[in-house]
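Reader: Got a minute to walk me through this one? I'd like the fold first, then the odd spots.

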Amino acid sequence: MRIAQIGVGGFGKNHTRILSQLGVLSAICDADLAKSKEFGTKYSVNHYSDIDSLLGSEQFDAAFVCTPTSTHFEIAKTLLQKKKNVFVEKPMTYLSREGEELLELAKKNKVILTSGYIERFNPAVSLVKEYVKTKKYGELIMLEFHRENRMPLHIKDVGIIYDTSVHDIDTAMWLFDDVPEVVFVRSGRIRHEHEDFATIMLGFRENKVAIISSNWITPIKVRKFSAVCSDAIISSDFITQEVKIETNTGAEIPRKDVEEPLLLEIKNFIAASEGKENIRVRPEDALNTTKIAEAALLSSHRGTPIYLDLK
Ligand SMILES: NC(=O)c1ccc[n+]([C@@H]2O[C@H](COP(=O)([O-])OP(=O)(O)OC[C@H]3O[C@@H](n4cnc5c(N)ncnc54)[C@H](O)[C@@H]3O)[C@@H](O)[C@H]2O)c1
């Protein structure tokens, strides 16, 4: 497996490190030539500053796209047309019609397409998913997410919903194993050019609900969630990966270890590209998240709930 890394900025350098560790990194491409050269030299692979030169000179099977959201569609489309397996960072695309086009192209060319909804690989989320699936603590009724941070100044093309809340939108669908019927949002802007705080309510079947609260105002990093089940409340922290269960009879903490979700995510993409595993984040899942993010902005703009028809 030979994998090209496109975009070696704040987050892409993490992919690059892991791909190199796994012995599959074959080339680097970043529009910023100095960065491209720095990482090409660091990992002893060829480097490029545009996709066409990369495609013209390198043989590779798959690529990671870790560039700003507004560039995802064109880059991923070019790669899929060349029959590469493609991992695009979240959100897969800005517009849902772009996502639909990518899905068709991946299907037609029989290649893997996925997006970086990394929390599906967070061991804390996996444990809660297992509890929900086996109904160990009864029925999952309500999810609540808090994701707060200082504003990432380099993100210019999208607001907090597309950049940050999408993680929790995806995790809510993953834990409920369902898609929401309705979305209602209040969001606003204090310092960023796009919205920098948002509260999103996703309504699922049987009055089940996910409340997603995100902001770029809090000066500290908060990434927590809780799951209200009929027999317990399960709380967790995406960063420490600790899970706490409180029932009528007391509290227990079944996990405290930390594993790197990005490593698990990249391994799943490689195994899926080699036909050895199913891809955990299907392109249909990533498309649904984009559709919900689109509806979320519309809901906030109109001040009304938006009813969805997702598959
Ligand atoms: N999964 C996660 O937890 C997570 C975390 C952070 C960022 N991200 C995602 O990763 C992506 C990148 O975010 P970032 O924080 O690394 O941004 P960044 O601005 O730090 O890095 C983006 C890099 O892409 C390069 N670039 C821009 N346009 C390009 C093009 N057309 N061709 C090649 N290179 C190009 C830039 O020069 C830069 O080095 C975004 O989609 C973001 O949402 C995901």
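Author: We can go from the overall chain to the domains, one helix, the ligand and the backbone oddities. Bear in mind that this is a predicted model.

Reader: Fine. How many helices and strands in the protein chain?

Author: Nine helices and 15 strands. The radius of gyration is 20 Å, and the globule rule gives 19 Å for 311 residues, so the chain is as compact as a globular protein of that length.

Reader: What box do the C-alpha atoms fill?

Author: Roughly 60 × 45 × 40 Å along the principal axes. Of the 311 residues, 45% count as buried.

Reader: And what share of the contacts comes from residues 24 or more positions apart?

Author: That share is 63%, counting contacts with a separation of 6 or more.

Reader: Which domains does the assignment give?

Author: Domain 1 covers 3–116. Domain 2 is 119–259 + 280–307. Their C-alpha centres lie 27 Å apart. The contact takes 18 residues from domain 1 and 16 residues from domain 2.

Reader: Which elements supply the domain 1 side?

Author: Helix H4 (69–81), H5 and strand S6 (113–115) each supply at least two residues. H5 gives the most, with six.

Reader: How does that side divide by residue type?

Author: On the side of domain 1 that touches domain 2, eight residues are nonpolar, eight polar and two charged.

Reader: Let's stay with H4. How far does H4 reach, first C-alpha to last?

Author: H4 has 13 residues and reaches 19 Å. The expected value is 18 Å at 1.5 Å a residue, so the two are close.

Reader: Which residues of H4 are buried?

Author: Thr69, His72, Phe73, Ala76, Leu79 and Leu80.

Reader: Why would a spacing like that put residues on one side of a helix?

Author: An α-helix has 3.6 residues a turn, so residues three or four places apart point the same way.

Reader: And what do the buried residues of H4 pack against?

Author: Strand S4 (62–65), S5, H5, S6 and helix H7 (160–176). Just after H4, lysine 83 takes a positive phi of about 60°.

Reader: Switching to the ligand. How many residues surround the ligand, and which are closest?

Author: There are 24 around the ligand. The closest are Gly7, Gly9, Gly10, Phe11 and Glu89. H4 turns up again here: H4 gives the most to this shell, with three residues.

Reader: How does the shell divide into nonpolar, polar and charged?

Author: Nine nonpolar, nine polar and six charged.

Reader: Now the backbone. Where's the cis peptide bond?

Author: Between lysine 90 and proline 91, with omega about -15°. Proline 91 is in the loop between strand S5 (85–88) and helix H5 (96–108).

Reader: Why flag that, and the positive phi values too?

Author: Most residues other than glycine have a negative phi, and most peptide bonds are trans.

Reader: Take asparagine 207. Where does asparagine 207 lie?

Author: In the loop between strand S9 (197–203) and strand S10 (209–215). Asparagine 207 has a positive phi of about 65°.

Reader: Is asparagine 207 buried or exposed?

Author: Exposed, because asparagine 207 has 8 C-beta neighbours inside 10 Å, and the cut-off for exposed is 12 or fewer.

Reader: What about glutamine 241, where is that found?

Author: In the loop between strand S12 (232–237) and strand S13 (243–247). Phi of glutamine 241 is near 65°. With 19 C-beta neighbours inside 10 Å, glutamine 241 counts as partly exposed, because buried takes 20 or more.

Methods. Residues numbered from 1 in each chain as written. Predicted model: local features only at pLDDT ≥ 70, side-chain atom pairs only at ≥ 80, totals over all residues. Helix = DSSP H or I, 4+ residues; strand = E, 2+ residues; numbered from the N terminus. Domains from an automatic or database assignment. Contact = placed C-beta atoms within 7 Å. Nonpolar A, V, L, I, M, F, W, Y, C, P; charged D, E, K, R; others polar. Rg over C-alpha atoms; globule rule 2.2 N^0.38 Å. Near = placed C-beta within 6 Å.
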